[in-house]
Amino acid sequence: MPEIRYRFFGKKGSLPAKNKIMKKQTVIITGASSGIGKEVARYFLEKGDNVVINSATKKKLEEAFEELGGGPDLAMVAGDVSQKQTGE
């Protein structure tokens with residue numbers, strides 16, 4: 001499997017192919033109720049990581065949660081991440 005290229009905060013690099021050992025991580029994804037955010041969540045879930053999805057729209061977030069399969073590796077937090085009470 002080829003490496004996946006990425007650019008993160010101006011740093012170039014590559015993600016190792018699936019056959020390389022990586023530790024399970026927890027990934028927080030904002031804007032995850034649709035589009036790229038939801039597909040990024042799907043990618044990390046398929047890798048076996050813990051994923052927390054967020055969206056300001058609770059109903060759409062719940063739909064995305066169900067579409068992604070729910071389960072013990074997926075959590076959701078509805079709310080505006082620029083507001084402190086969202087994370088409390």
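Biologist: Beyond its neighbours within four places in sequence, which residues is Phe-44 in contact with?
Modeller: This is a predicted model, where local features need pLDDT of at least 70, side-chain atom pairs count only at pLDDT 80 or more, and totals for chains, interfaces and linings use all residues. Numbering runs from 1 along each chain as its sequence is written, and side-chain values use heavy atoms, with hydrogens and water left out. Contact means heavy atoms within 4.5 Å. With neighbours within four places set aside, Phe-44 touches Gln-25, Val-27, Ile-29, Asp-49 and Val-51.

Biologist: Which helix supplies the largest share of the largest nonpolar core?
Modeller: A core here is a set of buried Ala, Val, Leu, Ile, Met, Phe, Trp, Tyr and Cys residues joined through side-chain atoms within 4.5 Å, buried being under 20% relative accessible area with a 1.4 Å probe, protein chains only. The largest one has twelve residues, including Phe-44, Val-27 and Val-51. E3, H1, E4 and H2 each give at least two of them. The largest share, three residues, comes from H1.

Biologist: In which sense do E3 and E4 pair?
Modeller: Strands are DSSP runs of E, at least two residues, and helices are runs of H or I, at least four, numbered from the N terminus; pairing takes at least two bridges. Val-27 sits opposite Val-51 in E4. Over five bridges, E3 and E4 run parallel.

Biologist: And on E3, which residues form the covered face?
Modeller: E3 spans residues 26-30. Thr-26, Ile-28 and Thr-30 lie on the uncovered face, leaving the covered one to Val-27 and Ile-29.

Key:
Buried < 20%, exposed > 50% of the residue type's maximum accessible area, 1.4 Å probe, protein only.
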